[in-house]
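New to this one? Here is a quick briefing to read alongside the sequence and the 3D view.

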Amino acid sequence: MKQETKALVENAASRRVAALKKQDPTTEVTYQIDESFPRAVIKIKKEGKVTWLEFIESASTVGDASNLEDYAFCAEQFGGLTLLFPESLYPREIAATIFEDIRKRIAQAGFPQVRLIGLVYDDLGSTKKAL
């Protein structure tokens with residue numbers, strides 16, 4: 001099951017990277033899979049400097065309280081972040097509720113103006129806006 005989850009996250013990450021590169025070919029976009037937790041981090045760079053991070057969470061990492069530290073870091077460094085949740089377990093309406101809760105928690109941590117982009121991804125790695 002863990003390999004299947006890793007494959008889903010990796011597929012979503014590679015498709016998201018391709019979409020971001022197509023959206024802005026001047027950016028450098030890379031991703032890294034965290035092996036211990038099936039999750040990916042996408043880094044978006046302009047002129048060699050990281051300007052934005054996206055987190056592709058798996059069913060087992062969505063809602064993990066330890067992730068809030070990563071999210072707050074992004075709020076501080078970049079003014080926001082993008083989160084992607086698996087649609088099979090978190091349909092858009094449910095994901096939107098969770099995204100709003102995360103936004104509130106980040107605001108309570110001292111970053112009230114955080115920009116949070118919430119997306120869901122399907123089993124093929126396609127994304128849809130949830131928030």
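The chain has 3 helices and 6 strands, and if you walk along the sequence they come in the pattern α-β-β-β-α-β-α-β-β. Keep in mind that this is a predicted model. The chain is as compact as a globular protein of 131 residues, because its radius of gyration is 14 Å, close to the 14 Å that the globule rule gives for that length.

**The chain as a whole**

- Laid along the principal axes, the C-alpha atoms fill a box of roughly 35 × 35 × 25 Å.
- Buried residues account for 40% of the 131 residues in the chain.
- On the outside, the chain exposes about 7300 Å², and carbon and sulfur atoms supply 52% of that area.
- Take the contacts between residues at least 6 apart in sequence: 56% of them join residues at least 24 apart.

**The largest pocket**

- The largest pocket has a volume of about 270 Å³.
- It is lined by 14 residues, and the closest to its centre are Arg-16, Leu-20, Gln-23, Ile-44 and Glu-54.
- Which elements give two or more residues to this lining? They are α1 (2-23), β2 (39-46), β3 (49-56) and β5 (115-121).
- Helix α1 gives the most to the lining, with 4 residues.
- Sorted by class, the lining of the largest pocket has 6 nonpolar, 3 polar and 5 charged residues.

**Two buried residues: Glu-57 and Thr-5**

- You'll find Glu-57 in the loop between β3 and α2 (67-78).
- Is Glu-57 buried or exposed? Its relative accessibility is 0%, so Glu-57 counts as buried.
- Setting aside its neighbours within four places in sequence, Glu-57 is in contact with Pro-38, Arg-39, Val-62, Asn-67, Tyr-71, Leu-84, Phe-85, Pro-86 and Tyr-121.
- Thr-5 sits in helix α1.
- Thr-5 is buried too, because its relative accessible area of 18% falls under the 20% cut-off.
- Not counting residues up to four places away in sequence, Thr-5 touches Pro-38 and Ser-58. Pro-38 is also among the contacts of Glu-57.

**Two exposed residues: Glu-47 and Gln-32**

- Glu-47 belongs to the loop between β2 and β3.
- With a relative accessible area of 84%, Glu-47 is exposed.
- Have a look at the backbone here as well: phi of Glu-47 is near 50°, a positive value in a residue other than glycine. For background, most residues other than glycine have a negative phi.
- Gln-32 is placed in strand β1 (residues 28-34).
- Why does Gln-32 count as exposed? Its relative accessible area is 56%, and exposed means over 50%.
- Leaving out residues up to four places away in sequence, Gln-32 touches Arg-39, Ala-40 and Val-41. Arg-39 turns up in the contacts of Glu-57 as well.
- Gln-32 and Lys-43 are 11 residues apart in sequence, and 8.4 Å separates them in space, C-alpha to C-alpha.

**Two partly exposed loop residues: Ala-109 and Asp-122**

- Ala-109 lies in the loop between α3 (92-108) and β5.
- The relative accessible area of Ala-109 is 47%, so it is partly exposed.
- How far apart in space are Ala-109 and Leu-68? They are 9.3 Å apart, C-alpha to C-alpha, with their positions 41 residues apart in sequence.
- On the other side of β5 in the sequence, Asp-122 is in the loop between β5 and β6 (127-129).
- Asp-122 is partly exposed as well, with a relative accessible area of 21%.
- Asp-122 and Pro-91 are 31 residues apart along the chain, and their C-alpha atoms are separated by 9.6 Å.

Notes: Residues are numbered from 1 along each chain as its sequence is written. This is a predicted model: local features need pLDDT of at least 70, side-chain atom pairs count only at pLDDT 80 or more; totals for chains, interfaces and linings use all residues. Side-chain values use heavy atoms; hydrogens and water are left out. On a 1 Å grid over the protein atoms alone, a cavity is a set of points where a 1.4 Å probe fits but cannot get out, and a pocket is an open set with protein on both sides within 12 Å along at least five of seven lines; lining residues have an atom within 4 Å of a point. Grid points are joined across faces, edges and corners, and a volume is the space filled by probe spheres set on the points. Ala, Val, Leu, Ile, Met, Phe, Trp, Tyr, Cys and Pro count as nonpolar, Asp, Glu, Lys and Arg as charged, and the others, Gly among them, as polar. Buried means under 20% relative accessible area, exposed over 50%, partly exposed in between (1.4 Å probe, protein chains only). Contact means heavy atoms within 4.5 Å. The radius of gyration is taken over C-alpha atoms; the globule rule is 2.2 Å times the number of residues to the power 0.38. Accessible areas come from the Shrake-Rupley method with a 1.4 Å probe; for residues, only the protein chains shown count as cover.
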